[in-house]
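I opened this model to look up how the chain is laid out, what sits in its core, and where its charged side chains pair. The entries below follow the order in which I went through it.

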Amino acid sequence: MPRTCDAPRTAPASPAELVADCLAGSQRAWAALVEQYSPLVWTVARSHRLDPADCEEVYQLTWLRVYQSLARLHSPQRFPAWITTCARRESLRQYQRAGRYVPIGDGSVLDRPTAEHGPEGALLSRERRSEVLVALSGLPTRDRALLSLLSADPAPG
């Protein structure tokens with residue numbers, strides 16, 4: 001049974017109680033939910049090694065998604081796991097939006113100068129590069145992205 005909208009509490013509420021109170025329109029319950037689970041959202045965002053601005057974006061988008069979807073939450077007692085998943089998904093989306101993937105040809109091992117000099121060395125380098133690019137194009141996208149990141153100079157953190 002939901003509590004009256006903004007009645008004071010004496011004991012900390014469970015996630016299910018807070019969710020029920022939020023759905024009943026309690027601003028206090030929403031504030032308590034945000035206060036209690038904000039550190040979790042920040043921790044998830046930072047664990048994806050996003051820069052501070054991207055972490056703020058993840059934080060805001062996660063809480064927006066939670067607000068928009070709270071009524072569809074099937075198991076309110078599992079709110080901590082649910083918001084963790086939301087924050088993880090937003091972190092991954094932000095990582096992709098920020099363009100963290102280093103494409104082949106942008107500082108990768110293929111672009112490093114070789115020790116060979118002269119026209120023969122340049123020809124061999126072009127042929128080697130061409131063979132590597134053909135081999136890479138046959139790989140699945142996920143594998144190409146991984147090899148691209150591993151060969152980036154400087155390597156991502």
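I began with the term needed for placing residues: helices here are DSSP runs of H or I with at least four residues, and they are numbered from the N terminus. With that in hand I could place Leu70, which lies in the loop between α3 (52-69) and α4 (79-97). I note at the outset that this is a predicted model, and that each value below is computed from it.

**Entry 1. Overall layout.**
I counted the secondary structure and found six helices and zero strands in the chain, so that, by the DSSP runs used here, the pattern along the sequence reads α-α-α-α-α-α. Of the 157 residues of the chain, 27% count as buried. The accessible surface of the chain comes to about 10,500 Å², and 57% of that belongs to carbon and sulfur atoms. I also looked at how contacts are spread in sequence: among those between residues at least 6 apart, 55% join residues at least 24 apart.

**Entry 2. The loop residue Leu70.**
Is Leu70 buried or exposed? Leu70 has a relative accessible area of 5% and is buried, although its place is in the loop between α3 and α4. I then listed its contacts, leaving out residues up to four places away in sequence, and found that Leu70 touches Val19, Cys22, Leu23, Trp30, Phe79 and Trp82. For one of these partners, Cys22, I looked up the backbone separation: the C-alpha atoms of Leu70 and Cys22 are 8.5 Å apart, while the two residues are 48 apart along the chain.

**Entry 3. The largest nonpolar core.**
Which residues touch the most other members of the largest nonpolar core? This core has 18 residues, and the answer is Trp63, Leu70, Phe79 and Ile83. At least two residues of this core come from each of α1 (15-23), α2 (27-47), α3 and α4, and α2 gives the most, with six residues. As background, nonpolar side chains in soluble globular proteins tend to be buried together.

**Entry 4. Cysteines.**
I searched the whole structure for disulfides and the count is zero. Of the cysteines I looked at, Cys22 counts as buried because its relative accessibility is 13%, and Cys86 is likewise buried, with a relative accessible area of 14%.

**Entry 5. A buried serine in α4.**
Ser91 is found in helix α4, and it counts as buried because its relative accessibility is 0%. Setting aside residues up to four places away in sequence, Ser91 touches Val44, Ala45, His48, Leu50 and Val58.

**Entry 6. Salt bridges around Glu90.**
How many salt bridges are there? The count comes to three, and I went through them one at a time. In the pair of Glu90 and Arg65, the closest N and O atoms are 3.0 Å apart; this pair links distant parts of the chain, with Glu90 in helix α4 and Arg65 in helix α3, 25 residues apart. The side chains of Arg93 and Glu90 also meet in a salt bridge, at 2.5 Å from N to O, and these two residues both lie in helix α4, three residues apart, which is about one turn of the helix. Arg97 forms a salt bridge with Glu90 as well, the closest N and O atoms being 4.0 Å apart; I note that the cut-off for a salt bridge is within 4 Å.

Taken together, Arg65, Glu90, Arg93 and Arg97 are linked in a network of salt bridges. I then compared burial across the network. Glu90 counts as buried because its relative accessibility is 1%, whereas Arg65 counts as partly exposed at 31%, Arg93 is partly exposed at 37%, and Arg97 is partly exposed at 46%. As background, side chains of opposite charge can pair when their charged atoms come close.

**Entry 7. A nonpolar patch on the surface.**
Last, I looked up nonpolar side chains on the surface, and found a patch of about 290 Å² made by Leu146, Leu147 and Leu150. Leu146 lies in helix α6 (residues 141-151), and it counts as partly exposed because its relative accessibility is 47%.

Notes:
Residues numbered from 1 in each chain as written. Predicted model: local features only at pLDDT ≥ 70, side-chain atom pairs only at ≥ 80, totals over all residues. Heavy atoms only, no water. Patch = residues over 30% accessible without salt bridge, like charges linked within 9 Å, V, L, I, M, F, W, Y side chains within 5 Å. Areas by Shrake-Rupley, 256 points an atom, 1.4 Å probe, with all protein chains shown as cover. Buried < 20%, exposed > 50% of the residue type's maximum accessible area, 1.4 Å probe, protein only. Disulfide = S-S within 2.5 Å. Contact = heavy atoms within 4.5 Å. Core = buried A, V, L, I, M, F, W, Y, C linked by side-chain atoms within 4.5 Å.
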